[in-house]
Amino acid sequence: MASEPVARAVAEEVARWGAMRQTGVSLRYMMEFGARPTERTLLLAAQFLHKELPIRIARRALDLESLPFGLSSKPAILKVRDWYVDSFRDIRSFPEVRSKEDELAFTQMIKMIRVRHTNVVPTIALGMQQLKEDLGGSKKFPLGIDEIHQFLDRFYMSRIGIRMLIGQHVAWHDPDPEPGVIGLINTKMSPMTVARIASEDARAICMREYGSAPDVDIYGDPDFTFPYVTPHLHLMIFELVKNSLRAVQERYMNSDKHAPPVRIIVADGAEDVTIKISDEGGGIPRSGLSRIFTYLYSTAENPPDLDEHNEGVTMAGYGYGIPISRLYARYFGGDLQIISMEGYGTDAYLHLSRLGDSEEPLP
């Protein structure tokens with residue numbers, strides 16, 4: 001454990017770096033640097049990350065210290081803050097990147113930082129669940145709770161950006177990348193294929209929890225491809241299909257009727273690629289629609305307890321799948337809309353921007 005003077009010095013440095021302005025990185029930069037990575041481009045990218053990552057990480061550590069309603073003092077939030085402070089300290093203590101050997105060592109370090117932060121989202125969800133219990137349940141949101149939702153939107157959007165920067169740099173070191181893949185960006189990604197894999201993964205979770213799962217029917221051009229980050233799309237479709245499967249399964253599990261399938265339609269538009277996920281799971285009450293993008297609301301009637309002994313993926317309950325999915329869509333300029341018909345079902349529209357050579361800086 002660090003001594004008090006050391007801890008104070010680290011806190012002061014975090015505050016100093018957190019006050020610096022971050023530098024936006026455009027998609028064109030990522031594509032150009034990753035198309036033909038050389039020793040020089042990798043070195044330049046590592047030098048940039050050596051200066052940029054501490055700013056972004058310090059900002060998040062500072063944000064976690066000043067949350068309302070006592071959220072900053074929750075053990076789960078303190079744990080996440082410690083992860084960010086540890087990662088800040090690791091990067092700041094790393095010497096200047098001057099050689100190929102330095103760059104490789106730096107890449108291994110930020111790879112480990114990415115692993116360290118893998119469970120940030122569920123751990124913060126635990127802190128939010130603790131806050132929700134303190135507030136007496138999700139139907140008693142006090143004035144000012146929007147501040148927490150806005151903070152979490154900023155925090156998670158920044159986390160996506162940090163993981164994109166680290167993941168892209170690490171992926172540039174792949175000695176045998178797939179054709180058309182530049183770092184994390186697949187220039188010829190098939191949304192039909194991603195939808196099929198994500199749906200199979202979601203159905204496996206449903207089968208594990210209920211013993212059966214509705215079918216998922218997918219419609220669209222199997223030959224259609226466009227540039228996108230495959231893990232991002234997988235996460236979004238997985239979360240949305242998982243919600244739909246649970247809703248249908250719970251509506252029909254005690255019925256003599258056959259559970260209708262969840263339907264996915266992939267449309268190639270002039271401006272966006274749109275993926276529609278439809279179910280007949282009974283829909284969401286109109287009073288709940290305004291809250292589905294908040295972090296204290298779940299569509300599950302009996303949300304499970306989230307603790308250190310329950311780290312597996314479950315069907316629903318933590319209240320962050322839908323808002324996180326919208327942030328992933330918005331990261332590249334897309335969006336997520338939910339339209340519900342109570343008594344029938346829900347349609348989710350995932351609008352995805354085509355990843356071209358935009359020079360707009362990403363969050």
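This is a guided tour of a predicted model, given as a series of selections to make in the viewer.

**The five-stranded sheet**

Begin with the open sheet of five strands, whose order is β4-β6-β7-β9-β8 and whose pairing is mixed. Its edge strands, each pairing on one side only, are β4 at residues 216-219 and β8 at residues 335-341. If you look along the sheet, neighbouring strands are turned by 15 degrees against each other on average, with direction ignored.

Next, select β4 together with β6, residues 262-268; these two strands run parallel and are joined by four bridges. To find one point of this pairing, pick D217, whose bridge partner in β6 is R263.

**Helices on the sheet**

Keep the sheet displayed and add helix α8, residues 191-210, which lies across β4, β6 and β7 (272-279) and runs at about 175 degrees to β4. Then add helix α9, residues 230-252, which packs on the sheet and touches β4, β6, β7, β8 and β9 (345-353), while its direction makes about 20 degrees with that of β7.

**The smaller strand pairings**

Move now to β2 (residues 181-182) and β3 (residues 185-189), which run antiparallel and are joined by two bridges. Within this pairing, I182 stands opposite I185 in β3. The hairpin of β2 and β3 has two residues between the strands, and G183 takes a positive phi near 65 degrees there.

From β3, extend the selection to β5, residues 226-229, which pairs with β3 in the antiparallel sense over three bridges. I185 is again a useful residue to centre on, since its bridge partner in β5 is V229.

While β5 is on screen, show the side chains of F226 and Y228, which form a tilted aromatic pair at 5.7 Å centre to centre, with 40 degrees between the planes. Are these two rings buried or exposed? F226 is buried, with a relative accessible area of 1%, and Y228 also counts as buried, at 0% relative accessibility.

**The pair α6 and α7**

Select helix α6 (residues 120-134) and helix α7 (residues 146-171), which pack at an angle of about 170 degrees with their axes 12 Å apart. An angle over 145 degrees counts as roughly antiparallel, and α6 and α7 are therefore roughly antiparallel to each other.

To display the contact itself, show V120, V121, I124, M128 and L131 on the α6 side, which meet I148, L152, F155, Y156 and R159 in α7. Colouring these residues by class gives nine nonpolar, no polar and one charged.

**Aromatic rings**

Two residues of that contact, F155 and Y156, lead into the next selection, for they form an edge-to-face aromatic pair at 5.9 Å centre to centre, with 75 degrees between the planes. Both F155 and Y156 are buried. Widen the selection to Y84, F151, F155, Y156 and Y295, and you have a cluster linked by ring pairs. Over the model, the count comes to nine aromatic pairs.

**A last stop in a loop**

Finally, go to F69, in the loop between α3 (39-63) and α4 (75-92). What is to be checked here is the backbone, as phi of F69 is near 60 degrees, a positive value in a residue other than glycine. With the surface displayed, F69 counts as partly exposed, at 34% relative accessibility.

How values were computed. Residues are numbered from 1 along each chain as its sequence is written. This is a predicted model: local features need pLDDT of at least 70, side-chain atom pairs count only at pLDDT 80 or more; totals for chains, interfaces and linings use all residues. Side-chain values use heavy atoms; hydrogens and water are left out. Two strands pair if DSSP finds at least two bridges between them. Axes are lines fitted to C-alpha atoms, for helices over the stretch in contact, and angles run from 0 to 180 degrees between N-to-C directions. Contact means heavy atoms within 4.5 Å. Angles under 35 degrees count as roughly parallel, over 145 as roughly antiparallel, 65 to 115 as roughly perpendicular and the rest as oblique. Ala, Val, Leu, Ile, Met, Phe, Trp, Tyr, Cys and Pro count as nonpolar, Asp, Glu, Lys and Arg as charged, and the others, Gly among them, as polar. Rings of Phe, Tyr and Trp (its six-membered ring) pair if their centres lie within 6.5 Å; planes under 30 degrees apart count as stacked, over 60 as edge-to-face and the rest as tilted. Buried means under 20% relative accessible area, exposed over 50%, partly exposed in between (1.4 Å probe, protein chains only).
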